[in-house]
Amino acid sequence: MKLRHIETFRAVVLTGSASGAAQLLNVSQPVVSRVLQHAEQQLGFKLFDRVKGRLVPTAEAQRLYPDVERIFTDLERLRTTSRNLRQHGVGHLRIAVTPSLAQSLLPAAIERMRRAHPDVVFELITHHTSETITAILTSSVDVGIVSAPPMAAGIVSRPVAQGHIVLAVPASWPKLSRRGPASADALVGRDLIKLHDDTPLGALINERLDQTALLQDAEVMVQTYSLAAALVEHGLGYALLDQFTAASAHVQAQRLYRVAPAIEFPVEMLRPAHAPESVLADTLRRHLADVASELSERADALCEGREIVLTPSDDPQAD
């Protein structure tokens, strides 16, 4: 089937008649009839039966139709890209972002960019770190926004912000300490919402928890910080979260503690090494940095001087 056959076939399926397809395609009805006839000759089977004045797809046509829709989806994506390039030049940014940053940092940054650059088109994809790196290496996206990415050949990174981990506990829990920093012992026996350690940051957090023997209390395991925060809000346990997610969560439902010694990590923007950084990407990076700074200040304020020392109880630092 040629593209004209496919286009005409789809139009008839959608409208149920040659006249409707002609109107949809802005051609005459005889043209539609001739194209359908030629398509059937090429295929060697009928595409439609006439039933009560309507053209009804045959069983063979019904089998073809899902593939036709996939072709049209790809074709529409091509048309959109071409239209964006014609109207905006390179004003189109494909972004892969980890789930937690997608909910905490990215929305406000995009909103600020849209105010200054209303014609820019954004294509946003949520990926975990390893998937983001693959997407960049395969040129499926222009930039990636991740926390603590591993080094990867063929990828250039630029700093966005410095993150740190905070402890989030349900607001309904009693305070972990009446005076001074709380110790890890205050969490023993309470349910831990554990982050998967298949990312560099997750592994770092769980390594710290393992030093305090708190991992044995893990009752729930999750893959995203936003889900962990939601579970904390529902009183299902405590979690170690990045300060951006913690500051974006419902304040009334949780209580935050700074973690000592600090668990810090970088937030970085990644791009293919073979591609120069675009002005749009750099603008987005600066907006992300501004949002990160504001959320960090909010997280610090929400901690209200509370702190928990996550070292073994027999460690001199814990005294």
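UniProt positions are given in the numbering used here, and its annotations may be inferred rather than shown by experiment. The model itself is predicted.

**Exercise 1. Locate the annotated domain and describe its span.**

Step 1. Take the record. UniProt, in an unreviewed entry, lists "domain: HTH lysR-type" for residues 1-58.

Step 2. Look at the span. Residues 1-58 are 62% helix and 14% strand. The C-alpha atoms at the two ends of the span lie 16 Å apart.

**Exercise 2. Place Ser 17, classify its exposure and list its partners.**

Step 1. Find the element. Ser 17 sits in the loop between helix 1 (3-15) and helix 2 (18-25).

Step 2. Apply the cut-off. Buried means under 20% relative accessible area. Ser 17 has 19% relative accessibility, so it counts as buried.

Step 3. Check polar contacts. The side chain of Ser 17 makes one with the side chain of Ser 19, at 3.3 Å.

Step 4. Check contacts beyond four places in sequence. Ser 17 touches Val 12 and Leu 55.

**Exercise 3. Examine two positive phi values outside glycine. Is each residue buried or exposed?**

Step 1. Start with Asn 26. Its phi is positive, about 60 degrees, although Asn 26 is not a glycine. Asn 26 lies in the loop between helix 2 and helix 3 (29-43).

Step 2. Classify Asn 26. Exposed means over 50% relative accessible area. Asn 26 has 71%, so it is exposed.

Step 3. Turn to Glu 304. Phi is near 50 degrees here, again positive in a residue other than glycine. Glu 304 belongs to the loop between helix 11 (279-303) and strand 13 (307-309).

Step 4. Classify Glu 304. Its relative accessibility is 61%, so Glu 304 counts as exposed.

**Exercise 4. Describe the peptide bond from Ala 260 to Pro 261 and place the proline.**

Step 1. Read omega. The value is near -15 degrees, and the bond is cis.

Step 2. Place the residue. Pro 261 is in the loop between strand 11 (254-260) and strand 12 (264-272).

**Exercise 5. Set Met 269 against Gly 189: burial and distance partners.**

Step 1. Place Met 269. It is part of strand 12.

Step 2. Classify Met 269. The relative accessibility is 3%, so Met 269 counts as buried.

Step 3. Inspect the contacts of Met 269, leaving aside neighbours within four places. Among them are Val 143, Gly 144, Ile 145, Val 156 and Val 160. The list also includes Ala 281, Leu 284, Arg 285 and Leu 288.

Step 4. Take one distance. Met 269 and Val 160 are 109 residues apart along the chain, yet their C-alpha atoms are separated by 6.4 Å.

Step 5. Now Gly 189. It is found in the loop between strand 7 (182-183) and strand 8. Its relative accessible area is 59%, so Gly 189 is exposed.

Step 6. Take its distance. Gly 189 and Ala 218 are 29 residues apart in sequence and 9.6 Å apart, C-alpha to C-alpha.

**Exercise 6. Characterise the second largest pocket.**

Step 1. Get the volume. It is about 340 Å³.

Step 2. Find the centre. The pocket has 18 lining residues, and the closest to its centre are His 128, Thr 129, Asp 198, Thr 199 and Gln 223.

Step 3. Assign the elements. Helix 5 (99-104), helix 7 (129-137) and helix 8 (200-211) each supply at least two lining residues.

Step 4. Sort the lining. Five residues are nonpolar, eleven polar and two charged.

Step 5. Look at Pro 99, a residue of helix 5. Its relative accessible area is 15%, so Pro 99 is buried. Beyond four places in sequence, Pro 99 touches Thr 126, His 127, His 128 and Thr 224.

**Exercise 7. Search for cavities and analyse the lining.**

Step 1. Recall the principle. Rolling a probe the size of a water molecule over the atoms shows where empty space is left.

Step 2. Count. The whole structure holds one cavity of 30 Å³ or more. The largest cavity has a volume of about 30 Å³.

Step 3. List the lining. It consists of Leu 192, Ile 193, Lys 194, Leu 195, Ile 205, Asn 206, Leu 209 and Leu 240.

Step 4. Assign the elements. Strand 8 (192-195) and helix 8 each give at least two residues. Strand 8 has the largest share, with four.

Step 5. Sort by type. The lining divides into six nonpolar residues, one polar and one charged.

Definitions and conventions
Residues numbered from 1 in each chain as written. Predicted model: local features only at pLDDT ≥ 70, side-chain atom pairs only at ≥ 80, totals over all residues. Heavy atoms only, no water. 1 Å grid on protein atoms, 1.4 Å probe; cavity = no way out; pocket = protein on both sides within 12 Å on 5 of 7 lines; lining within 4 Å. Points joined across faces, edges and corners; volume = space filled by probe spheres on them. Nonpolar A, V, L, I, M, F, W, Y, C, P; charged D, E, K, R; others polar. Buried < 20%, exposed > 50% of the residue type's maximum accessible area, 1.4 Å probe, protein only. Polar contact = N/O pair within 3.5 Å; in protein donor to acceptor, adjacent residues only side chain to side chain. Contact = heavy atoms within 4.5 Å.
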